[in-house]
Amino acid sequence: MHTSSYQNKHMYFVPRTKSLSHNQFESVKAQLKMMTTSQLKSLQTEINESLHPASQPVLTQEELEMLNSLF
């Protein structure tokens, strides 16, 4: 799990602890050309989930209930 993240209005930035070398990245890009449409869509889903992780609720259920009871 990631220990820190930066959130602005529309996106999250999650720092990565590991990265590919330039050559490894170019190799991955070359392999994309050999993937089927189904494989590309699956990879796209993985990338989107990585770039836009589900956000945590601002308030817990208990806090929401407390606020609702005030009105």
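**One salt bridge, one patch and a shaky start**

Okay, so let's start with a pair of residues: lysine 29 makes a salt bridge with glutamate 26, and their closest N and O atoms sit 3.4 Å apart. Side chains with opposite charges can pair up when their charged atoms come close. And where do lysine 29 and glutamate 26 lie? Both are in helix α1, three residues apart, which is about one turn of the helix. The salt bridge count comes to one.

Are these two buried or exposed? Somewhere in between: lysine 29 is partly exposed, with 36% relative accessible area, and glutamate 26 is partly exposed too, at 32%.

Now, keep in mind that this is a predicted model, so we should look at pLDDT, the predictor's confidence in each residue. The chain averages 79, and 76% of the residues score at least 70. Our helix α1, residues 22-32, has the highest mean pLDDT among the elements, at 95. At the other end of the scale is strand β1, residues 6-7, with the lowest mean, 40. That strand falls inside a stretch, residues 1-12, where pLDDT stays under 50. For that stretch the model has 15 contacts beyond four places in sequence.

Last stop, the surface. Val58, Leu59, Leu64, Met66, Leu67, Leu70 and Phe71 make a nonpolar patch of about 790 Å². Let's pick out phenylalanine 71, which is in the segment after α3, the helix covering 61-70. Why does phenylalanine 71 count as exposed? Because its relative accessibility is 83%, and exposed means over 50%.

Methods
Residues numbered from 1 in each chain as written. Predicted model: local features only at pLDDT ≥ 70, side-chain atom pairs only at ≥ 80, totals over all residues. Heavy atoms only, no water. pLDDT = per-residue confidence, 0-100. Helix = DSSP H or I, 4+ residues; strand = E, 2+ residues; numbered from the N terminus. Contact = heavy atoms within 4.5 Å. Patch = residues over 30% accessible without salt bridge, like charges linked within 9 Å, V, L, I, M, F, W, Y side chains within 5 Å. Areas by Shrake-Rupley, 256 points an atom, 1.4 Å probe, with all protein chains shown as cover. Salt bridge = Lys/Arg side-chain N within 4 Å of Asp/Glu carboxyl O. Buried < 20%, exposed > 50% of the residue type's maximum accessible area, 1.4 Å probe, protein only.
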